[in-house]
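Let us take a friendly walk through this model, starting with its rings and its core and then turning to individual residues. Keep the viewer open as you read.

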Amino acid sequence: MGEKVVAGAFDLSDRQHYRDKLQRCLTGLERLLAQKRFDRPKNLMGLEIELNLAGADGQPRMLNGQVLERIASRDFQTELAMFNLEVNIAPHRLGGRVFDRLAEEIRTSLAYAHRKAGEVDAGIVMIGILPTLDRDDLVSSNLSEVDRYTLLNDQIVAARGEDFALEIDGVERLSCTSKSIVPEAACTSVQLHLQVTPARFPAVWNAAQAVTAAQIAVGANSPFLFGHELWRESRPPLFQQATDTRPPELQAQGVRPRTWFGEKWIDSAYELFEENLRFFPPLLPICDEEDPLEVLEAGGVPSLAELVLHNGTVYRWNRPVYGIADGVPHLRVENRVLPAGPTVTDVIANAAFYYGVVRALAEESRPVWTRLPFETAAANFDAACRYGIEARLQWPRRGRLGGLVEMDAVSLVRDELLPLAEAGLTGWGVEPADRDLYLGVIEERCRRRTNGATWQVATFHRALETGLSRDAALAATTRRYAELMHLGEPVHTWPVGIPEAAPLA
């Protein structure tokens with residue numbers, strides 16, 4: 001969705017023409033796969049981090065246009081709402097001291113952006129959902145001033161035909177409606193990319209799906225929305241509901257939501273792109289002039305522009321990505337599970353855990369997805385979102401007996417997955433010092449049963465105990481979070497509570 005989209009009206013013929021182009025793109029992808037035209041292994045990874053803008057009082061600031069003008073870097077872009085930014089980190093080769101290099105790059109970029117935001121009395125906050133967001137902040141007038149966001153909002157609203165229902169039953173219950181998709185902007189995440197060959201794609205995607213629950217359990221960082229304490233990771237249910245084009249009748253018929261976990265393990269990347277066309281009507285029927293099949297017949301590499309655009313409006317937690325670099329097509333798995341934050345060290349630790357465990361699981365002789373029902377993986381994901389590091393998950397039993405065993409998330413990560421992640425990072429050629437430092441952060445979170453969500457909740461309740469109102473406690477928690485985030489020590493070391501009760505609401 002990063003391409004420039006010009007807003008305009010669509011007539012009835014546009015959708016049929018776009019659907020025809022999508023089919024030609026899908027045929028083009030199928031031929032590229034059959035001809036083995038894709039890039040060879042390069043062990044490339046990359047990441048994007050979505051960010052919030054907040055003031056010294058902890059409240060959101062609708063200033064991304066002014067902040068981006070001051071940053072003046074292509075590494076930073078708009079996101080859906082005016083209090084959002086996104087930073088894109090250039091691809092790196094997995095190996096050596098890659099994680100230390102990434103950490104230094106991100107710290108430098110965020111520090112620069114934070115200084116520039118300070119010029120308009122704002123600051124960068126890296127968190128899954130900003131606790132101080134109010135319903136009045138998430139309205140269409142606060143959409144970023146970019147055509148594609150307005151157009152996407154208009155098309156999703158038109159497809160749904162009625163207000164969006166936001167219903168999350170967690171520690172407390174949230175029940176409200178929205179006239180736009182802007183509540184989606186509350187969800188700020190880290191997106192991890194891994195370039196893979198077509199042959200390896202299904203194993204990597206399946207492995208990534210299997211470990212989403214573990215990622216969320218140790219990385220949850222979004223327990224609050226609109227003043228309510230909800231799930232430990234409230235982004236997934238919020239994102240699904242805020243982009244749901246299905247009125248209740250279509251939900252009852254089993255129509256798939258545009259934000260979804262999926263429904264089966266795969267044998268090829270092609271299956272995911274084909275599912276996207278089969279299940280999801282186009283939202284943005286904007287056609288490129290290129291004919292992908294003519295380009296292929298001439299020996300060229302098609303951009304598959306319509307397929308790429310449509311793919312960007314289906315919000316899988318592990319998304320297939322088609323791209324072209326230096327004239328050569330490639331495939332990536334984009335992991336969209338993790339919330340942003342709490343610190344750069346925590347983000348890199350989450351990344352190291354993911355890249356390590358996915359490699360190890362993808363190379364197992366008895367793959368986990370042959371022993372774990374897909375429905376169970378989806379149920380694990382939901383449990384991890386709801387309960388975070390206290391979740392109980394099902395995982396294939398060791399040994400010949402087979403079957404599944406239920407265990408707490410901490411035991412699964414510490415006893416089963418961290419050793420795999422260590423082996424996987426070793427397989428990538430990551431330096432032991434880098435590997436041990438960042439996997440050690442995950443191990444410490446497990447030992448202390450602490451992540452960003454548990455710290456936020458504990459600090460919020462400690463603030464309430466001092467006599468602060470709910471709004472004041474959320475603002476104080478947000479200010480303290482931002483302070484500790486910029487100090488940079490990983491979240492498992494953060495002291496709980498507010499050093500002194502500040503009167504700002």
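Rings of Phe, Tyr and Trp, the last taken by its six-membered ring, pair if their centres lie within 6.5 Å. By this rule, the count for the structure, which is a predicted model, comes to 16 aromatic pairs. Ring pairs link Phe 239, Phe 261, Trp 265, Tyr 315, Trp 317, Phe 374 and Phe 381 into a cluster, so try selecting these residues together, since a pair of rings is described by the distance of the centres and the angle of the planes.

Rings also meet charges here. At 3.7 Å from the ring centre of Phe 279, the charged end of Arg 256 sits over the ring. Trp 428 offers its face to Arg 359, with 4.6 Å to the ring centre.

Now for the core. In soluble globular proteins, nonpolar side chains tend to be buried together. In this model, the largest nonpolar core has 153 residues, and Ile 49, Phe 99 and Tyr 355 are those with the most contacts inside it. Helix H12, spanning residues 344-362, gives the most to this core, with 13 residues. What is Tyr 355 in contact with, leaving aside its neighbours within four places in sequence? Its partners are Met 45, Gly 46, Leu 94, Phe 99, Leu 192, His 193, Leu 194, Leu 425 and Trp 428. Another core, of 9 residues, lies apart from the one just described, and Val 457, Ala 472, Leu 474 and Ala 476 are among its residues.

How many disulfides does a search of the whole structure find? The count is 0. For Cys 176, the closest cysteine sulfur is that of Cys 187, and it is 13 Å away, too far for a bond; the cut-off for a disulfide is 2.5 Å between the sulfur atoms. Cys 187 is in no disulfide either, with the nearest cysteine sulfur, that of Cys 385, 11 Å away. Both residues are tucked out of reach of the probe: Cys 176 counts as buried at 7% relative accessibility, and Cys 187 is buried with a relative accessible area of 6%.

Is Arg 246 buried or exposed? At 8% relative accessibility, Arg 246 counts as buried, and its place is the loop between helix H7 (235-242) and helix H8 (248-252). Its side chain makes a polar contact of 2.8 Å with the side chain of Asp 244. A polar atom of the Arg 246 side chain also lies 2.6 Å from the backbone oxygen of Val 255. Beyond residues up to four places away in sequence, Arg 246 touches Arg 160, Gln 240, Gln 251, Val 255, Arg 256 and Pro 257.

Arg 31, in helix H1 (residues 12-34), is partly exposed, with a relative accessible area of 34%. Its C-alpha atom is separated by 9.0 Å from that of Leu 293, although the two are 262 residues apart along the chain. Leaving out residues up to four places away, Arg 31 touches Leu 293, Leu 296 and Glu 297.

Finally, some backbone details. Gly 341 and Pro 342 are joined by a cis peptide bond, with omega about 0°, and Pro 342 is in the loop between strand S13 (328-339) and H12. Asp 326, not a glycine, has a positive phi near 55°; this residue is exposed at 79% relative accessibility. Arg 449 likewise has a positive phi, about 50°, and is found in the loop between helix H15 (432-448) and helix H16 (452-465).

Terms used:
Residues numbered from 1 in each chain as written. Predicted model: local features only at pLDDT ≥ 70, side-chain atom pairs only at ≥ 80, totals over all residues. Heavy atoms only, no water. Phe/Tyr/Trp six-rings, centres within 6.5 Å; stacked < 30°, edge-to-face > 60°. Lys NZ or Arg CZ within 6 Å of the ring centre and 35° of its normal. Core = buried A, V, L, I, M, F, W, Y, C linked by side-chain atoms within 4.5 Å. Buried < 20%, exposed > 50% of the residue type's maximum accessible area, 1.4 Å probe, protein only. Helix = DSSP H or I, 4+ residues; strand = E, 2+ residues; numbered from the N terminus. Contact = heavy atoms within 4.5 Å. Polar contact = N/O pair within 3.5 Å; in protein donor to acceptor, adjacent residues only side chain to side chain.
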